[in-house]
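Trainee: I would like to learn how to read the features of a model like this one. Could you take me through it step by step?

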Amino acid sequence: MWYRISFNPDTDVMVCDTQVKKLHNIALDFQDKLWDVTYLQSLKFEETIDYVELKTKAKFTDILWDYSLQGRAMFISEKVKVILADYKLLNTDFYPSIVKRGNHFRRYYCMRLTGDIANSVNYVSSEFMWYKSNEGKDYPLVFANAVEMLNKKREVGPIDSIRATKLYFKDDFIAQKFDLIFLGALSVGNYWTSERLKKRLDDDGVTGFKFIESGFIINGGD
């Protein structure tokens, strides 16, 4: 089973519905550079991201959400960074960061996953839908491989959408036993955790997010 890491605007946990007030100094430079690369590209950035300012009432949760970076990266605490070191992550970069609230500073890491695993999908078993916006209807699609799927996504453009309704991974990908993945062109902007990693994050009381159970990724997350 796979679980999507999702924003959780729980004011009992965060106090505010959104936490980040503003990016400052090097954090702004990082944001600009991040928008210059695609989700396929890793970003070389060697400076500490100094700094991210939280709203006055916001709490220092283990995962912080900033809408200017959402879908491209997220800020995680040192506690989460230590936990992740025990698991297998797909194409993940960590950038040291400073988070400020009032006169209090804490070290975080900006975590970003990149790449595309479209070629790791078993298209014979998987199922897709094409949503035609002008009709307001879904139509089933079958692809033989990643090239067919990606070509169709480019053909329909940004208004219509093609989404997986059942996604099976190939055996060689499953054998690698990843615990944190990024689907690239199949689901840009979402990070997914395995059952193993979900349990650890739950057991260790990590805060600032919620899990949403995958309804379409069928295998490889045990």
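Mentor: Gladly. Keep in mind that this is a predicted model. Let's begin with how the chain is connected: among contacts between residues at least 6 apart in sequence, 70% join residues at least 24 apart.

Trainee: How many helices and strands does the protein have?

Mentor: There are six helices and 13 strands.

Trainee: What radius of gyration does the protein have, and what would a compact globule have?

Mentor: The idea is to compare the value with what the chain length suggests. For 222 residues, a compact globule would come out near 17 Å, and the protein has 18 Å, so the two agree. Along the principal axes, the C-alpha atoms fill a box of roughly 55 × 35 × 35 Å.

Trainee: What share of the residues is buried, and what does the protein expose?

Mentor: Buried residues, meaning those under 20% relative accessible area, account for 48% of the 222. The protein exposes about 11,200 Å², and carbon and sulfur atoms supply 48% of that area.

Trainee: How many positive and negative side chains are there, and how far apart are the centres of the two sets?

Mentor: The protein carries 31 positive and 31 negative side chains, with the centres of the two sets 3 Å apart.

Trainee: Where does E53 sit, and is E53 buried or exposed?

Mentor: E53 belongs to strand β3, residues 49-54. Its relative accessible area is 15%, so E53 counts as buried. Beyond its neighbours within four places in sequence, E53 is in contact with Q19, V20, K21, K22, H24 and K100.

Trainee: Now to the aromatic rings. How many aromatic pairs are there?

Mentor: Rings pair if their centres lie within 6.5 Å, and by this rule the count comes to 13 aromatic pairs.

Trainee: Why is the pair of F128 and F143 called edge-to-face?

Mentor: Look at the angle between the planes: over 60 degrees counts as edge-to-face. The ring planes of F128 and F143 stand at 75°, with the centres 5.1 Å apart, so this pair is edge-to-face.

Trainee: Which parts of the chain does the pair tie together?

Mentor: F128 lies in strand β8 (residues 127-132), while F143 is in the loop between β9 (137-141) and α4 (146-156), so the pair ties together parts that are 15 residues apart in sequence. F128 is buried at 3% relative accessible area, and F143 is buried too, at 7%.

Trainee: Which residues form an aromatic cluster?

Mentor: One cluster is formed by W2, F169, F173 and F178.

Note on methods: Residues are numbered from 1 along each chain as its sequence is written. This is a predicted model: local features need pLDDT of at least 70, side-chain atom pairs count only at pLDDT 80 or more; totals for chains, interfaces and linings use all residues. Side-chain values use heavy atoms; hydrogens and water are left out. Helices (H or I, at least four residues) and strands (E, at least two) are DSSP runs, numbered from the N terminus. The radius of gyration is taken over C-alpha atoms; the globule rule is 2.2 Å times the number of residues to the power 0.38. Buried means under 20% relative accessible area, exposed over 50%, partly exposed in between (1.4 Å probe, protein chains only). Contact means heavy atoms within 4.5 Å. Accessible areas come from the Shrake-Rupley method with a 1.4 Å probe; for residues, only the protein chains shown count as cover. Lys and Arg count as positive and Asp and Glu as negative; His and the chain ends are not counted. The place of a charge is taken as NZ of Lys, CZ of Arg, CG of Asp or CD of Glu. Rings of Phe, Tyr and Trp (its six-membered ring) pair if their centres lie within 6.5 Å; planes under 30 degrees apart count as stacked, over 60 as edge-to-face and the rest as tilted.
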